[in-house]
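Student: I would like a close look at the charged side chains of this protein. Please explain how they are paired and where they lie.

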Amino acid sequence: MQKWLKIILIFLNIALYFTTVALWIAAPDNLVLNLSTSVFTLVYSVLLFFYQRKRIQAVLTSRYSTRFYTEITGVFLLACILALVNYLGFKNYKLWDVSADELNSLSEQTKLILKEVKEPTKVTLFAKRENWDQVLPILKLYSFEQRRLNLDAVDVEESPQKVKSLGTSTFPAILIENSKQKVLVQVMDELSITNGFLKLTQNKISKIYYTYGHGELDPDDTGNEGASILVTMMKNSNMQVEPYSLLKNEKIPEDATALMILGPQDGFLDNEIKSIKDFLGQGGRMILTINPNFKRDSLQSFRAMLMSFGVKINNDIVLDRLSSVHNVDASIPIVEKYESDHPIIKNFKGTTIFPLSSSIDLLPTEDFVTSILVQSSAFPASWAEKNFLQAESGKVVFDEKIDTKGPIPLAVAVEEKGKNDLQTKMVIFSSTSLVVNGYATQGPNFNLFLNAVSWVTGNEGLISLNRPVLNHERVMMSSPQLGIIFYFSVVFLPLALFAFSFYLYRRRLKL
């Protein structure tokens, strides 16, 4: 009975060591539990040593122990070699993302922005401890890419004084700070976090004025036909968006980075058109969305002004019968392929939709380069319908005399030739509805528009910063399931292997 007691005590000591190591690995932040377990294990080992000192002395001086010393020395040297290799790998690591949707890697645009971090930068996550695992993995990707980042995490429940200095009660939140300034991020996705680094590395803030008074989208409207979500995204992208009345002012402010016109319905006065034309003629930038007008075209003077820049926006409606494959009306062209090499659209991913779109024609010009960004499918699937009566009735037939065969340009970019400074740039979308609040779930639409704004304002760091759509479901595991995996893989299985090894050792002693 005494012999079995000794064996049980030895195995209990070994199990305590395994448990201690497992606790330090699984819960390194729980210092009280880990230190208590470690001290108890060491004290238990010392007491066991004195209880078994004669037997231990006999074992240590046996010839089997001599062989064991030789073998353990070899194992130790091998472990040293592996530790050295591991250290070199830690200092010169490389990540491979083998997931189908590249969920475990940052976009190329984020990597470019992180290269602009030239000084040590502290990144602190403020969240409840149970929420750390939701955000820290993506922050670790940032630290892997940029060695100057120093990651930290603060439990908002345990450190109320640190939280109070943030000035926010919404968590999780990320504070990015260097020696010059601080940036607070409160949306936990790659775009928002990267925007935080962009604000930290760039002092320039793009100032965009949006027009009102002509039936444009209302940036303050939170309804389905408003543009509040778009404007919020722009502000989160380090842009300052302000209203501006062309009717009340003779010229567009000199501090304007760009002018934004979202879906005008009523005509512009001559002095307003002159202000826009003068602004563009002096190297101004503009983002325009425009819808077809079924009742009357009150924007003829405005359209004529755009023709001087090589763009003709027709008052018609683009129909695409391939949309029916997606159970969508033909008046909502769906675009899945992008063939342009323009910076706005290069490497762009995602399906975009263009509800109620006009057709755009590119005109020859000596001073400007025009590029098609997005276009509908080829004829006979799509065409530009000129007969609004047919379109409203839902019974449309292509008329070779007046209608235009597809593919039809839906978005174009205009760039002045031969200039680096004060270079006129424009992006024109033939649909306004693509960025209304009602299509907030259509992420690629907003990504495309933000790409266009970034290009127009000369801030191309965030172009195409979009994530692929998930094609597979994630594996969700409960806490008991995770506990079973942990204890079997970290505690019970190693203990079983050790017991089997001890059994073989005892068997060899009897031979």
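Tutor: Nine salt bridges are present in this structure, which is a predicted model. Side chains of opposite charge can pair when their charged atoms come close.

Lys-207 serves well as a point of departure. The side chain of Lys-207 forms a salt bridge with that of Asp-255, with an N to O distance of 2.8 Å. This pair joins distant parts of the chain, since Lys-207 belongs to strand β5 while Asp-255 sits in the loop between β6 and β7 (258-262), 48 residues apart. Lys-207 also takes part in a salt bridge with Glu-242, where the closest N and O atoms are 3.9 Å apart. Here again distant parts of the chain are linked: Glu-242 is in strand β6 (residues 239-244) and Lys-207 in strand β5, with their positions 35 residues apart. As to exposure, Lys-207 counts as buried because its relative accessibility is 17%, under the 20% limit. Glu-242, at 24%, counts as partly exposed, and Asp-255 is likewise partly exposed, with a relative accessible area of 39%.

A further salt bridge connects the side chains of Glu-177 and Lys-182, at 3.9 Å from N to O. Glu-177 is buried, with 18% relative accessibility, whereas Lys-182 is exposed, its relative accessible area being 58%. Elsewhere, salt bridges link Arg-129, Asp-155 and Glu-158 in a network.

Some charged residues belong instead to a surface patch. Asp-218, Asp-220, Asp-221 and Glu-225 form a negative patch on the surface; members of such a patch have no salt bridge. Asp-220 lies in the loop between β5 (206-211) and α9 (228-236). Asp-220 counts as exposed because its relative accessible area is 62%, over the 50% limit.

These details can be placed within the chain as a whole. The protein chain has 14 helices and 18 strands. Of its 511 residues, 41% are buried. Among contacts with a separation of 6 or more, 72% are between residues 24 or more positions apart. The exposed area of the protein chain is about 29600 Å², of which carbon and sulfur atoms supply 58%.

How values were computed: Residues numbered from 1 in each chain as written. Predicted model: local features only at pLDDT ≥ 70, side-chain atom pairs only at ≥ 80, totals over all residues. Heavy atoms only, no water. Patch = residues over 30% accessible without salt bridge, like charges linked within 9 Å, V, L, I, M, F, W, Y side chains within 5 Å. Areas by Shrake-Rupley, 256 points an atom, 1.4 Å probe, with all protein chains shown as cover. Salt bridge = Lys/Arg side-chain N within 4 Å of Asp/Glu carboxyl O. Lys, Arg positive; Asp, Glu negative; His and termini not counted. Charge placed at Lys NZ, Arg CZ, Asp CG, Glu CD. Helix = DSSP H or I, 4+ residues; strand = E, 2+ residues; numbered from the N terminus. Buried < 20%, exposed > 50% of the residue type's maximum accessible area, 1.4 Å probe, protein only. Contact = heavy atoms within 4.5 Å.
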